[in-house]
Amino acid sequence: MTGLLEAREVSVRYGSLAALDGVDLCIHDGQRHALIGPNGAGKTTLLNVIGGSARPQRGTVRFDGRDVGRLGPAARARRGINRIHQRPAVFPTLTATENVVVAALPRVIPRRRWWPGGRRRAAQHLAGPLLDQMGLTAVAAVPAGHLAHGQRRQLEIAMALAGRPRLLLLDEPAAGLSAIEVGRLVELLQALPRAVAVLLVEHRLDLVYALSDTVTVLRDGQTLAAGTPDEIRTSPLVRQAYADGVA
Amino acid sequence: MRGEVIRRARGGIAALVLVGLVVAPWVVDDYTTSILARTLALALVGVSVALLTGVAGMPTLGQTAPYAAGAYACAVVGSRVSDVGVVQLVVAAAAGALLAALTVPLVVHARGVIVLMITLAIGELVVIVLGRWRSVTGGTDGLAGIPAVRPFWGFPALASDQARYLYALVVVATLIGVVLVLLRTRAGLVLRAGRDDETRLRASGHRVAVHLSGAHIAAGAIAGAAGSLLVVAQQYISPADFGFDTSALLLLGVVIGGTASVGGALVGAALVIAVRDWLFGVLPGHAPLVLGALFVATVYLLPTGVNRARGRLRPRDAPAHEPVAHDQATVAEAHR
């Protein structure tokens with residue numbers, strides 16, 4: 001059985017530093033996969049390679065059976081790989097609704113293809129329920145730049161979902177959120193459509209265990225261990241890595 | 001609530017200005033009327049500059065290039081083919097769009113100050129070509145004696161300055177209306193998003209280069225149409241109408257007016273041109289000096305202005321996800 005995403009033998013070097021050294025990763029449709037490891041283990045680099053904003057020196061990335069190694073982030077987004085950034089990336093002068101509309105446009109299917117404004121209207125229809133789902137209806141007309149950090153995070157998730165993703169890359173989504181906001185985030189992520197596969201990079205292990213069904217541990221650019229959350233939790237190797245890597 | 005009031009006030013002011021512009025030719029003398037007609041043409045080029053600089057985030061010094069292409073195309077067509085205004089407008093807009101399309105590969109992959117330099121070079125090259133290609137352009141002597149335009153088949157030729165001014169006013173108002181409508185569509189929304197954060201737009205799957213190319217070509221068409229209005233107003237054109245001072249003046253006007261709004265661009269362009277023409281009388285020979293000083297002052301303030309509006313001044317691959325920016329003022333705000 002082949003996966004939705006298959007990364008093989010991926011290596012990325014920055015000068016003499018090997019950020020990734022022959023990493024394999026396979027994600028199936030609907031799988032919730034977490035990537036953990038100490039700082040500098042190469043988690044974000046791997047996310048960049050999969051999202052298309054970094055090119056590996058060696059290795060292949062296949063998505064949905066096709067080699068996407070030569071495609072940039074935009075082309076990969078059109079194929080269904082969407083990303084949430086460590087710092088929420090939204091369009092500050094556009095309203096929350098407009099943000100979602102813009103994110104929805106490339107993948108929206110208008111009812112009447114050649115009707116003027118059809119795409120926009122279809123995207124607009126998508127935006128309302130998504131904002132509602134994220135609890136942003138009250139601020140739908142507020143420029144995104146005026147939203148609080150937690151709201152921007154929720155908006156970014158709405159934008160990612162508007163792009164009808166098949167694989168969602170989450171880069172430390174809980175960074176900078178309050179405890180209440182983190183709880184809400186976990187609920188939102190648990191409520192994601194079951195068909196969407198997720199690759200989550202996160203430092204907080206409680207979130208990892210709550211959200212994922214498979215965990216890969218990276219260390220120094222290599223795969224240290226992979227397994228279910230329970231296996232990882234009890235692995236002495238992983239404990240050792242965290243004891244070394246994190247103070 | 002407050003937004004509503006401001007919007008209404010703005011609409012009221014716009015209506016007043018429009019009424020003023022309509023009655024102007026009966027109030028002022030013929031010479032001023034013809035200057036006003038020329039100013040209208042320049043203001044329309046200013047709109048195209050605002051479209052690129054403010055909405056799409058590509059600061060440009062080269063909109064004189066499609067402006068000149070449109071003007072010369074219109075002059076040649078007007079002298080040799082047809083004196084019908086609609087024909088001239090379409091030909092001029094097509095010429096401007098064509099020139100813009102040809103320069104797309106040079107412009108859309110660059111950002112910020114680099115765009116300024118490239119567009120400046122394009123504008124200067126066009127002026128040089130106009131000076132050298134004597135068989136078509138008349139060289140530095142320009143083209144004179146272009147017959148008066150008739151707006152549509154069956155209409156009389158517009159013999160008076162007033163009539164030509166009103167023709168220009170109708171065309172400019174119509175085209176600005178079209179631009180304002182288009183900016184409310186998907187195209188305008190995506191352009192504004194790209195100005196905010198190009199990397200983010202790409203991450204959503206948008207083809208940013210395609211959007212920018214479209215904006216560049218549309219701005220070229222607008223500037224080309226403005227060129228045809230210049231021909232109508234002056235019945236004479238020469239390369240001197242399209243020099244660096246014109247593009248610098250337009251960019252200055254647009255920046256002062258607040259780059260992101262079409263209305264601001266119009267006010268800014270009109271203001272700068274009025275200052276230039278007024279200074280021309282008060283301080284003969286020193287107008288360029290004063291405008292140059294104004295330009296330096298504005299450019300000195302530009303980093304704050306351009307940052308928020310007009311995000312493309314950051315290097316291409318720098319992380320683009322700064323939290324926003326309510327602490328960064330636009331140039332317009334700094335002026336208040």
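In chain B of this predicted model, 77% of the contacts with a separation of 6 or more are made by residues 24 or more positions apart. Chain B holds 14 helices and zero strands, so if you trace the elements from the N terminus you read α fourteen times over, with nothing else in between. Of the 336 residues in chain B, 46% are buried.

Let me take one residue as an example of those contacts, B:Tyr167, which has its place in helix α7, residues 161–183, of chain B. Is B:Tyr167 buried or exposed? B:Tyr167 is buried, because 21 other C-beta atoms lie within 10 Å, and the cut-off for calling a residue buried is 20 or more. If we leave aside the neighbours within four places in sequence, B:Tyr167 is in contact with B:Gly85, B:Val149, B:Pro151, B:Leu158 and B:Val232. A further pair to look at on the screen is B:Tyr167 and B:Leu229, which are 62 residues apart in sequence and, C-alpha to C-alpha, 8.5 Å apart in space.

Staying in chain B for a moment, please find B:Gln235, in the loop between α10, residues 208–234, and α11, residues 244–257. B:Gln235 is not a glycine, and yet its phi is positive, at about 55°. As background, most residues other than glycine have a negative phi. B:Gln235 counts as partly exposed because it has 18 C-beta neighbours inside 10 Å.

Now to the contact between the two chains, which takes 20 residues from chain B and 25 residues from chain A. On the side of chain B that touches chain A, α8, residues 186–196, and α9, residues 198–203, each supply at least two residues, and α8(B) gives the most, with six residues. Sorted by class, that side of chain B has seven nonpolar, six polar and seven charged residues.

Which residues of α3(A) meet α8(B)? They are A:Glu98, A:Val101 and A:Val102, and on the α8(B) side they meet B:Leu189, B:Val190 and B:Ala193. The axes of α3(A) and α8(B) are 10 Å apart and the two helices pack at an angle of about 100°, which means that α3(A) is roughly perpendicular to α8(B). By class, this contact of α3(A) with α8(B) has five nonpolar residues, no polar ones and one charged one.

That brings us to chain A, where the domain assignment gives domain 1, made of 1–80 + 165–247, and domain 2, made of 90–163. The C-alpha centres of domain 1 of chain A and domain 2 of chain A lie 26 Å apart, and the contact takes eleven residues from domain 1 of chain A and ten residues from domain 2 of chain A. On the side of domain 1 of chain A that touches domain 2 of chain A, α2, residues 73–79, and α6, residues 179–190, each supply at least two residues, and α6(A) gives the most, with three residues. By class, that side of domain 1 of chain A has seven nonpolar, two polar and two charged residues.

The helix I would like to dwell on in chain A is α5, residues 149–162, which has 14 residues and reaches 20 Å from its first C-alpha to its last, close to the 20 Å expected at 1.5 Å a residue. Why can we describe α5(A) as largely enclosed by the rest of the structure? The reason is that twelve of the 14 residues of α5(A) are buried. Among them are residues as unlike in name as A:Arg152, A:Arg153 and A:Glu156, along with A:Leu155, A:Ile157 and A:Leu161. The cover over the buried residues of α5(A) includes β6, residues 81–84, α3, residues 96–104, α4, residues 118–133, β7, residues 167–171, and α6 of chain A. After α5(A) comes A:Arg164, whose phi is positive, near 45°.

The last stop is A:Asp220, in the loop between β9, residues 214–219, and β10, residues 222–227, of chain A. A:Asp220 has a positive phi of about 50°, although it is not a glycine. A:Asp220 counts as partly exposed because 17 other C-beta atoms lie within 10 Å.

Definitions and conventions:
Residues are numbered from 1 along each chain as its sequence is written. Chains are lettered from A and ligands numbered from 1 in the order in which they are written. This is a predicted model: local features need pLDDT of at least 70, side-chain atom pairs count only at pLDDT 80 or more; totals for chains, interfaces and linings use all residues. Two residues are in contact if their C-beta atoms, placed from the backbone, lie within 7 Å. Helices (H or I, at least four residues) and strands (E, at least two) are DSSP runs, numbered from the N terminus. Ala, Val, Leu, Ile, Met, Phe, Trp, Tyr, Cys and Pro count as nonpolar, Asp, Glu, Lys and Arg as charged, and the others, Gly among them, as polar. Domain bounds come from an automatic or database domain assignment. The expected span of a helix is 1.5 Å times one less than its number of residues. Axes are lines fitted to C-alpha atoms, for helices over the stretch in contact, and angles run from 0 to 180 degrees between N-to-C directions. Angles under 35 degrees count as roughly parallel, over 145 as roughly antiparallel, 65 to 115 as roughly perpendicular and the rest as oblique.
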